[in-house]
Amino acid sequence: MALPYIILLSLTLISHTALTSSTNTNTITLPLSPLLTKPQSSDSFHALKLAASASLTRAHHLKHRKNAPSVATTQVYPKSYGGYSIDLNFGTPPQTSPFVLDTGSSLVWFPCTPRYTCSHCLFPNIDPTKIHTFIPKNSSTAKLVGCTNPKCGYLFGSDLQSRCPQCQPNSKNCSITCPPYIIEYGLGSTAGFLLLDNLNFPSKIVPQFLVGCSILSIRQPSGIAGFGRGQESLPSQMALKRFSYCLLSHSFDDSTENSDLVLQISSTGDTKTSGLRYTPFHPNPSASNPAFLEYYYLSLRKVIVGGKNVKIPFSFLDPGSDGHGGTIVDSGSTFTFMERPVYDLVAQEFVKQLGNYSRAEDVEAQSGLGPCFNTSGAKTVNFPEFTFQFKGGAKMTLPVENYFSLIDDSEVVCLTVVSDGGAGPAMMSGPAIILGNYQQQNFLIEYDLENERFGFGPQSCKRKS
């Protein structure tokens, strides 16, 4: 069998780094690092509060996404909240643009044209007037997408008459362009038009790649690389067999450390990556909301705290035909989200097993995290293990730094899982559990699309010096 063609992409934070050399001509390696900017405050409390708020907003968006022929929906975190960035080269000659890696959405889009405007984009280290933009007129291969082009249907549906009402039926000469898109998400929105252009790698060119050219955004200084299941996503357009990443630890500050995102194009059959445990992806629910078809669902069977199986009702673990319930994995969420009834059961077990420590309720109220515990005076703290067990028996046991965070120097630690604050009966909508990137730190994560399975294994994501 021929050596599989592998592309190694870099998720970078600050600068566009030159390609590294490799003795294997089938690989391309670029740096991968957290998409973080310096928080407005130097204290970790402020950064955690922002991350908790953004995680909850993100969860609401993923759970309540609206789908319509003229609207695509997604969401991304402001840079100070802790996402991960990927640099891609579009056009002829290539123009390099940074994107947020997002497995919870599908469209790939960038800030575009000299007229790009980003409202409410006053984030730390971000000058809204100096956001890097793609310039279509500088690319000899860029062109607008026609309304009758099948790729227009990726966003606006396959019904030609509904998206192109001004075109005559069966017309081969319709000059109408694809409608403009509006992408709405929890913290803002973006709008623009669709382009076809080359996506360039040093040893491969993907011609006529569908990409969004955004000209107006709210709270969105960077583009998004959608890695979801939609036709317009990067994995779908490149026909990837699998992709994997290893996410560096969050520091909520500037970092030059990096690791790799790996895109694999050629088939490797049923080959499993050494050191990884696998669980099959759960079939996406055949719900009335097509947005749920973009997500990567997992068959979570148990949540275990300190060896104790938390008794979660099965309706939360398995998605129903209406799309409610179930677990998805999302690189765009910072902290893991749990529907309130699930969160309460998990939190209660932590409170029970850490009963020797007093609750820091003032910190809980201010941070949006909880439960929080005051560990002052303790020489050592034995935290209960936190494990997700999936179909087939694969267990993801998290290192303690992936689910508890120390608040500054206060000797207070908080569980980094979020939920909504609603009281009364649960009104479940969409996924019940969203596995965020904070809980994926220092794991090698693999999306095996060819074999419809999810692989993971603990691994230091720091490069060896």
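This briefing covers the overall make-up, the nonpolar cores, one open sheet and the residue Thr103. The model is predicted. The chain has 465 residues, of which 56% count as buried, and its secondary structure comprises seven helices and 30 strands. Among contacts with a separation of 6 or more, 73% join residues 24 or more positions apart.

**Nonpolar cores**

- The largest nonpolar core contains 67 residues.
- Phe90, Leu234, Met238, Phe243, Phe386, Phe388 and Tyr447 have the most contacts inside this core.
- Helix 6, which spans residues 340–353, supplies the largest share of the core, with five residues.
- Both domain 1 (27–64 + 76–263) and domain 2 (268–458) contribute to this core, with at least three residues from each.
- Separate from this is a second core of 21 residues, and its members include Ala51, Ala52, Ala59 and Ile407.

**Contacts of Tyr447**

- Beyond its neighbours within four places in sequence, Tyr447 touches several aromatic residues, namely Phe243, Tyr245, Phe281, Tyr296 and Phe454.
- The other residues in contact with Tyr447, on the same terms, are Thr103, Lys241, Arg242, Val329 and Arg453.

**The five-stranded sheet and helix 6**

- Five strands form an open sheet in the order 16-19-28-20-27, and the pairing is mixed.
- Strand 16 (297–298) and strand 27 (417–418) each have a single partner strand, so one side of each has no neighbour in the sheet.
- Strand 16 pairs with strand 19 (residues 327–329) in the antiparallel sense, over two bridges.
- Leu298 has Thr327, in strand 19, as its bridge partner.
- Helix 6, the element with the largest share of the main core, lies across strand 20 (336–338), strand 27 and strand 28 (433–435).
- The angle between helix 6 and strand 20 is about 105 degrees.

**Thr103**

- Thr103 sits in the loop between strand 5 (95–102) and strand 6 (108–111).
- Its relative accessible area is 0%, so Thr103 counts as buried, the cut-off being under 20%.
- A polar atom of the Thr103 side chain lies 2.9 Å from the backbone nitrogen of Ser331.
- Ser331 is also among the residues in contact with Thr103 once neighbours within four places in sequence are left aside, as are Val329 and Asp330.
- The remaining contacts of Thr103, counted in this way, are Phe227, Gly228, Phe243, Tyr245, Glu294, Tyr296 and Tyr447.
- Phe243 and Tyr447, both in contact with Thr103, are listed among the residues with the most contacts inside the largest nonpolar core.

How values were computed
Residues numbered from 1 in each chain as written. Predicted model: local features only at pLDDT ≥ 70, side-chain atom pairs only at ≥ 80, totals over all residues. Heavy atoms only, no water. Core = buried A, V, L, I, M, F, W, Y, C linked by side-chain atoms within 4.5 Å. Buried < 20%, exposed > 50% of the residue type's maximum accessible area, 1.4 Å probe, protein only. Helix = DSSP H or I, 4+ residues; strand = E, 2+ residues; numbered from the N terminus. Domains from an automatic or database assignment. Contact = heavy atoms within 4.5 Å. Pairing = 2+ DSSP bridges. Axes fitted to C-alpha atoms, helices over the stretch in contact; angles between N-to-C directions. Polar contact = N/O pair within 3.5 Å; in protein donor to acceptor, adjacent residues only side chain to side chain.
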